[in-house]
Amino acid sequence: MKKLLLLLITSIAFTSQAQDVFLTENCETLSVGNLSTDPTGASAGQNGWLTAGSTGFSPYATNANFQVVNAGGVNGNVIQINGSSTASTATLGQSRFITQDITNSWTNRTTGNDVVEVEFDLFSGAPTTSLSSFRNYILDASGFAVAGFWFAPGPYTYTPTGGTATTVTKALRGWAYYDNAGTPNYYTFKLGGTSTAPDDLILSDNTWYRIGVAYDYNTGAITWKEDSGLFYTGISTGPDAGVDLTGARFQVSSAVGNTLGANVQIDNITIKTVALEDLLGVNTNSNAIKDFSIFPNPSKGVVNINNTDTYINSIEISDLNGRVVKTVNSINDVNTQINISELSTGVYMMKIVSDKGTTTKKVIKE
């Protein structure tokens, strides 16, 4: 079933624009057990995966840290990275990572396909006290991470500038090399809240999420997106515009004071290049579906959803944690009304499924 679904998604994507697919990994052809026989990253393991750990750190990465496991359900086989329970020093963490080398694929890509996209399924996992973090990176020719994701399976405490210490659990953020007021550095970007008041996006326990990150070689623009509409955001420019790319990496890093290493599972990985960003195969800006009007917004009660010629099939409303709070099926009309009076005050994502595609709109309940 999973293979058939991936083939269908790929076929649909090809109808929108030409693309170069570097990798499609649904893990079903991988053998359960060690992903690789070389934990130094010198030689590739199953399906070209390189496995390694932070150089010189202890404990060193072993083959047992990189596994193919059967997760059951619709996912079946998945890749699992077992994180370390310790960090080397107060300033250096312990990382274990898997990498796909895309150097040749990037060099030989179709002319004009200058946007690289990495899409994958991420399992949020069970509640944990681990201080490990998961990272996904798009790597440039110097080995720097130009874009990706950052995820804390367990508690993470941070102090914003001028603010108070805050602890979050299962927070997912965007990751980018970014020029912040003339200070280029690595930054994480909150994916929840609003553009004027960003907040941490907190994932639900034991849930699979399909997410994607895109990097534009020409502008340095970075885009982050989640398949059900939890977020679709990014930064328009970056200091790394024009850098060539060499790899896509997934890693679990430890932190000082950690006593329990998190085990993170990923699946259905796609690496490709396109001319225009179309993360997760859904172009929410297409003319066919962009003309939905949502009003009033904000609303205390009824919300109207209108379009001139696109039939609405169903509507699903989720909170910023990804929990579905309201579903309306079998609408089959160009106009409809949804009563949200029973919802708590806050920001919600409205996923509209129509006969011409799917789009997600932000709705505010007063």
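1. Let's start with a charge sitting on a ring: Arg-109 lies over the face of Tyr-217, with 5.3 Å to the ring centre. Keep in mind, as you look at this, that the model is predicted. There is another arrangement of this kind to find, where Arg-249 lies over the face of Phe-97, 4.0 Å from the ring centre.

2. Stay with Arg-109 and Tyr-217 for a moment, and look at Asp-114. Which residues does Asp-114 touch, leaving out those up to four places away in sequence? The list is Trp-106, Arg-109, Tyr-215, Asp-216, Tyr-217, Asn-218 and Val-274. So both partners of the charge-and-ring pair, Arg-109 and Tyr-217, turn up among the contacts of Asp-114. As for where to look, Asp-114 is in the loop between α2 (103-107) and β7 (115-123). Is Asp-114 buried or exposed? Its relative accessibility is 12%, so Asp-114 counts as buried, the cut-off being under 20%.

3. Now zoom out to the whole chain. You can count two helices and 26 strands. The chain has 366 residues, and 48% of them count as buried. The exposed surface comes to about 16200 Å², with carbon and sulfur atoms supplying 51% of that. Here's one about how the chain folds back on itself: take the contacts between residues at least 6 apart in sequence, and 66% of them join residues at least 24 apart.

4. What about the inside? As a general rule, nonpolar side chains in soluble globular proteins tend to be buried together. In this model the largest nonpolar core has 50 residues, and Phe-120, Leu-172 and Phe-250 have the most contacts inside it. Leu-172 is a good one to click on: leaving aside residues up to four places away in sequence, its contacts include Leu-122, Phe-149, Trp-150, Phe-151 and Phe-231. A second, separate core has 15 residues, among them Val-303, Ile-315, Ile-340 and Met-350.

5. Two of those second-core residues, Ile-315 and Met-350, are also touched by Ile-305. Ile-305 lies in strand β21 (residues 302-306). At 0% relative accessibility, Ile-305 counts as buried. Beyond its sequence neighbours up to four places away, Ile-305 touches residues including Phe-292, Ile-294, Ile-312, Val-334, Asn-335 and Ile-352. Asn-335 is a handy example of a partner from further along the chain: it is 30 residues from Ile-305 in sequence, yet their C-alpha atoms are separated by 5.7 Å.

6. Next, the aromatic rings, which form 14 pairs. In one of them, Tyr-178 and Tyr-187 have ring centres 6.0 Å apart and planes at 90°, so the pair is edge-to-face. Tyr-178 counts as partly exposed at 25% relative accessibility, and Tyr-187 counts as partly exposed too, at 24%. Phe-189 and Trp-224 make a tilted pair, 5.3 Å centre to centre with 35° between the planes. That pair links distant parts of the chain: Phe-189 is in strand β11 (residues 183-190), Trp-224 is in strand β16 (residues 222-226), and they are 35 residues apart. Phe-189 is buried at 17% relative accessible area, and Trp-224 is buried at 1% relative accessibility.

7. Rings can also link up into a group. Which residues make the cluster of ring pairs? They are Trp-49, Phe-120, Phe-134, Phe-149, Phe-231 and Phe-250. You've met some of these names already: Phe-120 and Phe-250 are among the residues with the most contacts in the largest core, while Phe-149 and Phe-231 touch Leu-172.

8. Last, some backbone oddities worth a look. Most residues other than glycine have a negative phi, and most peptide bonds are trans. The peptide bond from Phe-295 to Pro-296 is cis, with omega near -15°, and a cis bond also joins Asn-297 and Pro-298, with omega about 15°. Pro-296 is in the loop between β20 (293-295) and β21, and Pro-298 is found in the loop between β20 and β21 as well. For positive phi, see Cys-27, near 70°, and Asn-332, near 55°. Cys-27 lies in the loop between β1 (19-25) and β2 (33-34) and counts as buried at 0% relative accessibility. Asn-332 lies in the loop between β23 (324-328) and β24 (335-339), and at 51% relative accessibility Asn-332 counts as exposed.

Note on methods
Residues numbered from 1 in each chain as written. Predicted model: local features only at pLDDT ≥ 70, side-chain atom pairs only at ≥ 80, totals over all residues. Heavy atoms only, no water. Helix = DSSP H or I, 4+ residues; strand = E, 2+ residues; numbered from the N terminus. Buried < 20%, exposed > 50% of the residue type's maximum accessible area, 1.4 Å probe, protein only. Contact = heavy atoms within 4.5 Å. Core = buried A, V, L, I, M, F, W, Y, C linked by side-chain atoms within 4.5 Å. Areas by Shrake-Rupley, 256 points an atom, 1.4 Å probe, with all protein chains shown as cover. Phe/Tyr/Trp six-rings, centres within 6.5 Å; stacked < 30°, edge-to-face > 60°. Lys NZ or Arg CZ within 6 Å of the ring centre and 35° of its normal.
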